[in-house]
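Let's take a walk through this structure together, one piece at a time. Keep the 3D view open as you read.

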Amino acid sequence: MTLTLEQFLREIGDAVIISDIAGVITTWNPAAERMFGFTESEAIGATLDIIIPERQRQRHWSGYQKTMQSGITRYGTSLLKVPALKRDGSSISIAFTVALLPGDNGTPASIVAIIRDDTSRFNEERALRKRLADAGL
């Protein structure tokens, strides 16, 4: 059996979000819907601002534009960990990797992010750091 890209996107447990050169969402899989609360129809055509906290947006867009212009991302193999927003306005911690997708001319046309909800791990680490600090360690 050959797995199609559409089947893969539908079945994978991680959120898969693809956005174009301007940061407009072009792909939003069911796991992204479960994670962030936005339906596919709400997300497609919106910018990534729907999941980026206000205080992170300037930094995000500066890096995003630089990456799309240069065709180079320093995060290609790194796991990024940042806060994100859900549809209800609550915050979660996410961990993700990115890959640039070239267009016909070889320059970046899109960027794909594979995302996991990392909130539990983040909260556990924060609680451990607090316990260590309280213990004077």
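**Finding your way around**

Starting from the N terminus, the elements of the chain come in the order α-β-β-α-α-α-β-β-β-α. That makes 5 helices and 5 strands in the chain. Bear in mind that what you're looking at is a predicted model. As for overall dimensions, the C-alpha atoms fill a box of roughly 60 × 35 × 30 Å, taken along the principal axes. The chain has 137 residues, and 34% of them count as buried. It exposes about 8,700 Å², with carbon and sulfur atoms supplying 54% of that area. Look at contacts with a separation of 6 or more, and you'll find that residues 24 or more positions apart account for 42% of them.

Now let's turn to the strands that pair up. β3 and β4 run antiparallel and are joined by 6 bridges. One of the partnerships here is L85 with S91, the latter sitting in β4. The two strands form a hairpin with 5 residues between them, and in its turn G89 has a positive phi of about 90 degrees. Carry on along the chain and β4 pairs again, this time with β5: 9 bridges join these two, which also run antiparallel. Here V98 stands opposite A113 in β5. The hairpin of β4 and β5 has 5 residues between the strands, and G106 there takes a positive phi near 90 degrees.

After the strands, have a look at helix α5, which covers residues 119-134. Does its length make sense? What span should 16 residues at 1.5 Å a residue give? The expected figure is 22 Å, and the end C-alpha atoms of α5 are 22 Å apart, so the two agree. Following α5 comes G136, whose phi is positive, near 80 degrees.

Next, let's go inside. In soluble globular proteins, nonpolar side chains tend to be buried together. In this model the largest nonpolar core has 25 residues, and the members that touch the most others are I17, W28, F36, I94 and I115. Several elements give two or more residues to this core: β1 (15-20), β2, α2, α4 (54-70), β3 (80-85), β4 (91-102) and β5 (108-117). Which of them gives the most? That would be β4, with 5 residues. Apart from this core lies another one, of 5 residues, including L9, I12, I18 and V112.

W28 deserves a stop of its own. Leaving out residues up to four places away in sequence, W28 touches a list of residues that includes V16, I17, E33, A43, I44, I50 and I51. Aromatic rings are part of the story too, as the structure holds 3 aromatic pairs. In one of them, W28 and F36 are tilted, at 5.7 Å centre to centre with 40 degrees between the planes. Are these two residues buried or exposed? With 2% relative accessibility, W28 counts as buried, and F36 does too, at 0%. W28 also pairs edge-to-face with F38, at 6.4 Å centre to centre and 80 degrees between the planes. Because W28 lies in strand β2 (residues 25-28) and F38 in the loop between α2 (30-36) and α3 (40-43), this pair ties together parts that are 10 residues apart in sequence. F38 is buried as well, with a relative accessible area of 12%. Put together, ring pairs link W28, F36 and F38 into a cluster.

Key: Residues are numbered from 1 along each chain as its sequence is written. This is a predicted model: local features need pLDDT of at least 70, side-chain atom pairs count only at pLDDT 80 or more; totals for chains, interfaces and linings use all residues. Side-chain values use heavy atoms; hydrogens and water are left out. Rings of Phe, Tyr and Trp (its six-membered ring) pair if their centres lie within 6.5 Å; planes under 30 degrees apart count as stacked, over 60 as edge-to-face and the rest as tilted. Buried means under 20% relative accessible area, exposed over 50%, partly exposed in between (1.4 Å probe, protein chains only). Helices (H or I, at least four residues) and strands (E, at least two) are DSSP runs, numbered from the N terminus. The expected span of a helix is 1.5 Å times one less than its number of residues. A nonpolar core is a set of buried Ala, Val, Leu, Ile, Met, Phe, Trp, Tyr and Cys residues joined through side-chain atoms within 4.5 Å. Contact means heavy atoms within 4.5 Å. Accessible areas come from the Shrake-Rupley method with a 1.4 Å probe; for residues, only the protein chains shown count as cover. Two strands pair if DSSP finds at least two bridges between them.
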